[in-house]
Each structure stands twice: as C-alpha cells, then as structure tokens.
Amino acid sequence: MGTTAAIPPEVAARLRGARSITALTGAGVSAESGIPTFRDALTGLWARYRPEELATPEAFARNPSLVWGWYRMRREVVARAVPNPAHRALASLEAQVPRFTLVTQNVDGLHRRAGSERVIELHGSLARARCSREGTVLELWDETESETPSCPACGALLRPDVVWFGEPLPGEALRAAEIAARNCDLFLSIGTSNLVEPAASLPWRAVAAGAEVIVINVEMDGQRAGSGIYHLVGRAGELLPALIEAAWPAR
Ligand code: OAD
C-alpha cells in the first residue's frame, strides 16, 4: 500500500465523509501500466506523433490505413498492460462509497479490467470499432495489417470507436458525466492535464454545485487551486491506495 504519511488528515477525512463521489481520470492513471500519456514532454504520444495526422476525421479520410495502424499499435500496447494500483484503488472505492461514478477520458479499458463497473467512457474505447456509415458499434471485427476493416453488414469502412479532435463526445456519456459532476459532494481529478474540453470543465461544474475537489497528479501545472481544492502531488498508483488506507485504515 502507499504511504499514508503523504496524505493530510483533512483530505483523508474529506474522503471518508463523502456521500457521493465523482472521479475523472486521464492518461496519468494508466501511465504506471506502461501506457504512454499524451502530453508528457518526451514520452507523450503527442510528443512523438502529430495528433492532426492520426486523431482527426480528416486524418482518417486522408489515410485510413495509417490511422488504423496507429490504433492497432495502441491496442497491442494496452493488451500487454495490466491495471495498476490506481485502477484497483478506484474499483475498491466504487464498492466503499454509497454513490460513486467513474468518468474516464482513457480509451484503454483498464478501469473495467480492474473491476470498476460503472465507468463512463467519455472518449470511447480502443476495444470497439464503429461503422463509418451506419454507426453500428462492434466489439469484434476482422482486421489485418494490410486491409482496413469494413462493416460486415454494409461494407463501409469501420473506424475506431474513439473520439477524435473536432468531434462531439458521445451525448449520453457526456450528459451522464455532467450530471455526476453536479451531483457529487467530492470530485476527484486524477492524472489529467485538464486541458481538453468538455472533460476539463467537469471539476468546475462540481465546484459550482458545491463540491470539493481532490487533484492527484505528479505535477500541478495548470491545475486550479483554491478553497475546497486539495492537491496531492505524486503518482496515482501510490497516492490513491494511500488515500484510501488513510481514510479507512485496515481494520
Ligand atoms: P495528458 O497526457 O494530457 O495528461 C496526463 C496527466 O497525467 C498530466 O497532467 C501528467 O502530469 C499526469 N501524470 C503522468 N503520470 C502520472 C502518474 N503516474 N500519476 C498521476 N498523474 C500522472 O492526458 P489527458 O489529460 O488524459 O483525447 O488528456 C486528455 C485527452 O487529450 C485524452 O483523452 C486525449 C488527448 O488528446 C483525445 O485524443 C480526443
């Protein structure tokens, strides 16, 4: 377990007293599973690839095979990854707290693999493909290195079922995430640079509705500070287990 010494008692008490928690996670939660984040200077995906060439509808229209190749590589990285203590801590929190909603920007599926059941995937999932014509969502599809996959029903091109830049988020997921942000008394923002809308507004919707916020990140650049906003600086894989241990010491 993580060292509870890093957890201020008032933060542990705040978690213990929470009746309704909404957690928003970003790539930082999966970093300790070996999955690259996006904006880390040297190792982030956007440091090595150009998002406009890979994660936009225009990129896909221009070169679907390049885009499928990139998502295939990312699926292979995820297939080799395992949930880390941060994912497992969030799954245990779901069982511990009366009302707990997990909203993730991640598309790696590791929260569900760690046992989280109620997961709102704001940016879709690498584990799904979608017919570019009918919108049908598939969990299994034929894919080879050379051929871009096509819809078994209508033959149109399949695309990864993830949100690309310039695209709207899945409406139902976004509505559920906004409701969860407005109806919690504690909001956890974990491992996200908080730069991409509309996810980045969720913590502030929670604050506007009277919630307090705990931010967990290895660095606090760009993270808002203020009364009722607690910053825990460090790795999510260490701080989340420590926070839960500090709030509910093992009996
Ligand atoms: P980013 O790469 O923008 O931010 C990752 C955050 O995690 C940074 O603030 C890091 O400091 C922090 N971090 C890194 N390792 C950590 C660790 N072990 N423990 C805690 N924090 C850690 O990723 P996101 O914020 O998830 O969207 O990016 C949001 C969206 O932008 C993604 O969903 C993706 C991206 O473009 C689309 O592609 C549409």
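Which residue in β3 is the bridge partner of L102? The bridge partner of L102 is V119, and this pair is a starting point for a look at the strands, the nonpolar cores and the cavity of the structure. The model is predicted, so local features need pLDDT of at least 70 and side-chain atom pairs count only at pLDDT 80 or more, while totals for chains, interfaces and linings use all residues. Residues are numbered from 1 along each chain as its sequence is written, and side-chain values use heavy atoms, with hydrogens and water left out.

**Strands**

Strands are DSSP runs of E with at least two residues, helices are runs of H or I with at least four residues, and both are numbered from the N terminus. Two strands are said to pair if DSSP finds at least two bridges between them. The pairings of β2 can be set out as follows.

| Strands | Sense and bridges | One residue pair |
|---|---|---|
| β1 and β2 | parallel, six bridges | I21 and F100 |
| β2 and β3 | parallel, three bridges | L102 and V119 |

β2 is mostly covered, since five of its six residues are buried, where buried means under 20% relative accessible area with a 1.4 Å probe and protein chains only.

**Nonpolar cores**

A nonpolar core is a set of buried Ala, Val, Leu, Ile, Met, Phe, Trp, Tyr and Cys residues joined through side-chain atoms within 4.5 Å. The largest such core has 32 residues, of which I7, L15, L93, I190, I214 and I216 touch the most other members. Among the elements that give two or more residues to this core are α1 (9-16), β1 (20-25) and β2 (99-104), and the largest share, eight residues, comes from α11. Taking contact as heavy atoms within 4.5 Å, L15 touches I21, L93, L186, L243, I244, A247 and W248, not counting residues up to four places away in sequence. Apart from this core lies another, of 26 residues, with A59, W70, V107 and V162 among them.

**The cavity**

A cavity is a set of points on a 1 Å grid over the protein atoms alone where a 1.4 Å probe fits but cannot get out, and its lining residues have an atom within 4 Å of a point. A search of the whole structure finds one cavity of 30 Å³ or more, with a volume of about 30 Å³, the volume being the space filled by probe spheres set on the points. V119 belongs to the lining, together with T104, N106, D108, G109, L110, H111, R112 and E121. The largest share of this lining, three residues, comes from α8.

Definitions and conventions: 1 Å grid on protein atoms, 1.4 Å probe; cavity = no way out; pocket = protein on both sides within 12 Å on 5 of 7 lines; lining within 4 Å. Buried < 20%, exposed > 50% of the residue type's maximum accessible area, 1.4 Å probe, protein only.
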